[in-house]
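Work through the exercises below with the sequence and the coordinates open. Each task is followed by a solution in steps.

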Amino acid sequence: MACFLYLTWTVTVMAQGRFRPGDIVPEPYLKVYGYEKFFTISKINGEVRALMLQNSYKDEAAVVPMESLRYLRVLHCDEDGNAVVGELVCAASIARDLEEIMKALFEAGYPIEKMRLVDYYGGDDEASMRDNNTSCFNQRLSTSGAKVSRHSYGLAIDINPLYNPYYKAKAFGKIVRPAGSDLYLNRKAHFPYKIQKGDLCYRLFKEHGFRWGGEWLSGKDYQHFEKH
Ligand SMILES: [Zn+2]
């Protein structure tokens, strides 16, 4: 048994060791190692911990201890159908949910353009959204600025955010995030990466007990899924 576990662990390390987040994994590697080996959950340490402490995680303002967060490595499909290494930081309580959802999306060829930690954008949510980057943990206020975001707890994820904007009507006009995504507020139009009620992405998150920001009554947040 111990020998089998060691072998499984070694193959996982070998499979992942060759590739960094953002890399395309060529088909032959997927065949040799098995795509499941590219899906892992681990505690936050080393390089990722250091990166987060400089960007998305500030000790003095933290609402959760870093020990309660997890680092996920997954595969996602880009629009050309390539298998790309993605990464997420989330609450330990939803790590399995996200792993299962990402695996199901990958198996179905559901396109997600990018999935890098928000730390590569200096913790700047707007920059990450504008780059259509899918991300989860980020210590920040909600987009409306009214409260601490569920992202600060690692309990919310934004999928393909450029094409699935945040929208809220205000007395002085409307707020749309990221800037320049107004075009994608027309949810009847056809465009890539659009999340809509009943599609695979929506169904998977719902099945795992998440709420969708596209169903909020006050404003909409089409990119956003959260769990309580
Ligand atoms: Zn969000």
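## Exercise 1: a three-stranded sheet

The model is predicted. In it, 3 strands form an open sheet with antiparallel pairing, in the order S7-S6-S9. The edge strands are S7 (173–177) and S9 (220–221), each of which pairs on one side only.

Task: find how many bridges join S6 to S7, and which residue stands opposite alanine 169.

Solution.
- Step 1. S6 and S7 run antiparallel and are joined by 5 bridges.
- Step 2. Opposite alanine 169 stands lysine 174, in S7.

## Exercise 2: the loop before S6

Task: decide whether proline 161 is buried or exposed, and list what it touches.

Solution.
- Step 1. Locate the residue: proline 161 lies in the loop between S5 and S6 (166–170).
- Step 2. Count neighbours. A residue is buried if 20 or more other C-beta atoms lie within 10 Å of its own. Proline 161 has 30 C-beta neighbours inside 10 Å, so it counts as buried.
- Step 3. List contacts. Leaving out residues up to four places away in sequence, proline 161 touches Met129, Asn132, Pro178 and Gln223.
- Step 4. Check one distance. Isoleucine 112 is 49 residues from proline 161 along the chain, and their C-alpha atoms are separated by 10.0 Å.

## Exercise 3: a four-stranded sheet

Task: give the strand order of the open sheet of 4 strands, then go through its pairs.

Solution.
- Step 1. The order is S1-S4-S3-S2, and the pairing is antiparallel. S1 (24–25) and S2 stand at the edges with a single partner strand each, so one side of each has no neighbour in the sheet.
- Step 2. Take S1 and S4: 2 bridges join them, and valine 25 stands opposite alanine 83 in S4.
- Step 3. Take S3 and S4: 9 bridges join these antiparallel strands. Leucine 72 has leucine 88, in S4, as its bridge partner. The hairpin of S3 and S4 has 5 residues between the strands, and glycine 81 there takes a positive phi near 85°.
- Step 4. Take S2 and S3: they pair over 4 bridges, with serine 42 opposite tyrosine 71 in S3.
- Step 5. Check burial in S4: 9 of its 9 residues are buried.

## Exercise 4: helix H4

Task: test the length of H4 against the expected rise, then describe what H4 packs against.

Solution.
- Step 1. H4 (residues 92–107) has 16 residues, and at 1.5 Å a residue it should span 22 Å; the end C-alpha atoms are 23 Å apart, which agrees. Just after H4, glycine 109 takes a positive phi of about 75°.
- Step 2. The buried residues of H4 are Ile94, Ala95, Asp97, Leu98, Ile101, Met102, Leu105 and Phe106. In an α-helix there are 3.6 residues a turn, so residues three or four places apart point the same way.
- Step 3. The buried residues of H4 pack against S2 (40–43), S3 (69–77), S4 (83–91), S5 (156–158) and H6 (200–207).
- Step 4. Relate H4 to the strands: H4 lies across S2, S3 and S4, and runs at about 5° to S3.
- Step 5. Relate H4 to H6: the two helices pack at an angle of about 155°, with axes 10 Å apart. Angles over 145 degrees count as roughly antiparallel, which makes H4 roughly antiparallel to H6. The contact is made by Ile101, Ala104 and Leu105 of H4 with Leu200, Cys201, Leu204 and Phe205 of H6. The crossing of H4 past H6 is right-handed.

Terms used:
Residues numbered from 1 in each chain as written. Predicted model: local features only at pLDDT ≥ 70, side-chain atom pairs only at ≥ 80, totals over all residues. Expected span 1.5 Å × (residues − 1). Buried ≥ 20, exposed ≤ 12 C-beta atoms within 10 Å, placed from the backbone. Contact = placed C-beta atoms within 7 Å. Pairing = 2+ DSSP bridges. Axes fitted to C-alpha atoms, helices over the stretch in contact; angles between N-to-C directions. Parallel < 35°, antiparallel > 145°, perpendicular 65-115°, else oblique. Left-handed = near helix turned anticlockwise from the far one by under 90°.
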